Amino acid sequence: MASKKWVAMLLAGGQGSRLGELTSGLAKPAVPFGGKYRIIDFPLSNCTHSGIDTVGVLTQYQPHLLNDYVGNGKVWDLDSDFGGVSVLPPYKGKDGGEWYKGTANAVYQNIQYIDRYNPENVLIISGDHIYKMDYSQMLAYHIEKRSQATIAVIQVPWQEASRFGIMNTNDNQKITEFDEKPEYPKSNLASMGVYLFNWKTLRSYLIEDERDLTSDHDFGKNIIPNMLEDRKHLYAYHFEGYWKDVGTVESLWEAHMDLLEVNPQFQLDDPDWKVFARNANHPPHYIGEEAVIKQSLTNEGCMIYGTVEHSVLSYNVQVGYNTTIKDSVIMPNVHIGDNVHIERAIIDSNCVIEDGAVIGNSNPSAKITLIGEGQTITSTNQKKITNI
Amino acid sequence: MGNVLGLINLINEKQYLKELTTHRNIASVPFGGRYRLIDFTMSNFINADISLVAVFPKERYLSLMDHLGSGKEWNLDRRSGGLFILPPIQPHESSMGDMKQFHNHLSFFERVNADTVIISPGNHVCKMDYNEILAFHRENQADITVVYKDFYDGAVEKLIYHQCIVNEDGNVTDINLFNVPQAGDHISLETYVISKSLFIDLIKKCAANEEYNFLKDAVKANLHCLNVKGYHFTGDLPFIHSIESFHASNMKFLNPQTLKSFFSEEWSVFTKIKHEPPAKYGQSSNVKNSLVANGCDIEGTVENSILFRGVKVKKGAIVKNSIIMQKGEIEEGAIVENVIADKEVRITKAKKAVGENEPLVIKKAEVI
């Protein structure tokens with residue numbers, strides 16, 4: 001039987017309810033990011049750069065757009081006859097079938113898919129993080145340590161540690177404890193949601209977990225603690241670099257603002273690590289006679305006549321005369337009229353912001369204003385800016 | 001409606017764009033911040049649902065091959081139809097004429113599943129609706145349809161245009177080869193519709209007579225015995241025949257109306273994808289009336305200019321009335337005015353590059 005060194009399973013199923021209106025019509029990994037990308041482009045490009053040629057994308061909420069977007073995978077060089085990228089929604093077989101009950105159950109339900117490639121190892125990644133990571137280095141580490149499961153970890157600020165799965169390790173990086181969202185974390189080494197398992201080992205744990213009716217069928221809550229209990233060899237793999245969970249409106253906005261630093265920690269313009277994305281095919285953007293653009297990212301198809309400061313404009317955004325956009329993220333195909341003021345806001349795709357509208361709040365402690373997809377904002381139903 | 005073969009004929013190209021055509025043919029000269037000239041013809045075919053395209057290059061076609069690749073960006077990587085690149089078989093024969101090269105590839109025409117051929121050169125920046133021209137061709141039961149456009153441009157230095165004489169019935173009665181076009185003249189766009197069988201016929205007949213020029217030996221020589229119709233193209237199409245006209249026709253795209261008319265939701269212009277990140281504007285950037293492609297990084301001043309993908313304009317640098325092609329770098333304090341900089345040109349710190357009477361062309365990868 002043909003076999004693969006490894007395959008990746010990308011957990012793209014999250015409903016993303018914390019992203020509010022951004023995910024009302026699409027799965028979280030399909031949310032636009034960085035002006036021309038979608039969140040899923042980052043893990044998929046990581047796979048390509050790491051030499052992974054087989055990726056299963058596990059999804060169940062609003063799969064259409066994601067399915068369409070991933071297509072046959074040719075954008076990421078993942079169009080291949082044996083392997084490539086496959087979108088895997090839940091399905092019914094002769095023994096029935098059901099909704100994915102948890103991250104582990106989602107992989108359990110696709111054991112047949114993985115078995116087909118007979119891989120030595122399986123990489124589990126998630127579709128809602130922004131980072132650039134060479135998984136092949138993690139694989140080398142995993143092999144060197146003779147690890148049965150390797151978990152990528154990153155140091156997070158202590159005050160945030162209780163939001164994450166926290167790893168406690170010995171001097172040899174062997175994991176001794178795994179606390180899922182602990183109230184009193186013993187370390188600040190957070191799981192990045194990137195797991196590398198020996199497939200035979202994982203396979204048996206998934207089957208066992210499925211039989212456990214009390215289980216949440218979750219990697220962090222069940223599979224990894226069970227493996228630790230059985231004294232399996234689990235190792236932490238330290239990642240240094242930018243990594244951001246963009247699961248909330250605030251963190252999505254922050255991740256965009258991070259891109260606008262003078263020397264950003266996370267660079268989109270690294271020629272050795274291009275992030276691949278479906279091309280929306282627009283001409284270069286046009287900057288008008290009176291336009292002012294400072295400290296911003298702009299994409300193809302934009303027509304800009306106003307002022308854009310410290311903001312990210314996605315492709316095909318129109319910005320009218322005497323309009324000011326500050327500290328904001330404008331998603332694709334948004335039309336913004338004249339005399340508009342937008343500050344500290346995310347405007348989702350296909351919105352129309354009519355002349356004279358005012359959106360946002362300049363107070364740095366206020367919440368980021370989110371305008372959901374396809375809305376029309378007139379100057380009368382404006383979301384007022386305060387503290388100007 | 002039958003199957004149509006789109007034929008892009010680059011055999012008659014003259015390399016009149018100076019340094020821009022030293023290492024590449026005209027069809028692959030970069031244009032409009034993101035495109036190559038051939039993208040417009042390729043996209044016209046795709047927009048007309050013509051999915052069988054053959055390109056006949058003559059020389060210097062490495063960059064063209066690289067650009068077109070498997071044709072996937074134009075959706076031409078397919079099992080049936082798709083993209084064919086048919087270069088000269090005998091290099092010394094390529095100068096004999098287009099019909100010679102067509103004859104050398106006769107088996108391609110015989111084998112290919114098409115009944116009609118649309119021939120177009122690879123250097124027209126225009127939106128041309130080939131379905132409309134096909135309908136005109138069929139309605140008139142023409143043997144050959146010749147597409148022409150009225151000339152209202154400036155002086156032409158090189159004799160590269162042919163004038164069509166078209167009578168009231170729309171019949172082409174004469175063709176003046178290589179003339180000096182006057183205002184109002186009907187200039188042949190070297191774009192034709194012809195049935196495949198007649199085309200093959202003419203290729204064979206010409207070969208037998210050792211005649212190898214399609215326009216002269218197949219069209220003009222047969223005006224008296226074939227039904228040759230003129231199709232009057234009235235859309236936008238800048239005549240590009242010199243560095244000045246190349247510069248000016250690029251600059252036309254700084255008009256938002258022109259931009260919108262060329263690139264709309266209904267009409268896509270496709271090109272090779274480079275996966276460039278968004279363009280980055282720094283705190284000190286000052287950009288007016290310009291077209292900027294993705295991957296650019298701008299900290300300086302840019303006015304009335306076109307920046308291709310991945311151009312860097314450093315702090316204090318000034319770029320005016322210029323075209324900077326892919327990966328150009330304008331360093332601190334440099335001044336660039338009225339320039340066409342080919343790919344990967346670098347203007348170093350505080351240096352000046354200014355075109356006086358005509359645009360200054362800086363050749364590929366040159367460092368100033």
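Visitor: How many residues of each class, nonpolar, polar and charged, does the lining of the largest cavity have?

Guide: In this predicted model, that lining has 6 charged, 4 nonpolar and 3 polar residues. Ala, Val, Leu, Ile, Met, Phe, Trp, Tyr, Cys and Pro count as nonpolar, Asp, Glu, Lys and Arg as charged, and the others, Gly among them, as polar. Residues are numbered from 1 along each chain as its sequence is written, while chains are lettered from A and ligands numbered from 1 in the order in which they are written. Local features need pLDDT of at least 70, side-chain atom pairs count only at pLDDT 80 or more, totals for chains, interfaces and linings use all residues, and side-chain values use heavy atoms, with hydrogens and water left out.

Visitor: What makes a set of points a cavity?

Guide: On a 1 Å grid over the protein atoms alone, a 1.4 Å probe must fit at the points but be unable to get out; lining residues have an atom within 4 Å of a point. The search of the whole structure finds 4 cavities of 30 Å³ or more. The largest has a volume of about 100 Å³, a volume being the space filled by probe spheres set on the points, which are joined across faces, edges and corners. Of its 13 lining residues, B:Arg34, B:Arg36, B:Lys274, B:Arg309 and B:Gln326 are the closest to its centre.

Visitor: Which domains of chain B contribute to this lining?

Guide: Domain 1 (4–263) and domain 2 (280–362) each supply at least three residues; these bounds come from an automatic or database domain assignment. The C-alpha centres of the two domains lie 33 Å apart. In contact (heavy atoms within 4.5 Å) are 20 residues of domain 1 and 21 residues of domain 2.

Visitor: Why is A:Gly165 called buried?

Guide: Buried means under 20% relative accessible area, exposed over 50%, and partly exposed in between (1.4 Å probe, protein chains only). A:Gly165 has 9%, and is therefore buried. Its contacts beyond four places in sequence include A:Phe178, A:Glu180 and A:Ser191.

Visitor: Is A:Glu180 buried or partly exposed, and why?

Guide: A:Glu180 stands at 31%, so it counts as partly exposed. Among the residues that A:Glu180 touches are A:Gly165 and A:Lys221. The unreviewed UniProt entry annotates a "binding site" that covers residues including A:Gly165 and A:Glu180; such annotations may be inferred rather than shown by experiment.

Visitor: Why is A:Asn188 called buried?

Guide: The relative accessible area of A:Asn188 is 13%, so this residue is buried. Its contacts beyond four places in sequence include A:Ile154, A:Trp158 and A:Ile166.

Conventions
On a 1 Å grid over the protein atoms alone, a cavity is a set of points where a 1.4 Å probe fits but cannot get out, and a pocket is an open set with protein on both sides within 12 Å along at least five of seven lines; lining residues have an atom within 4 Å of a point.
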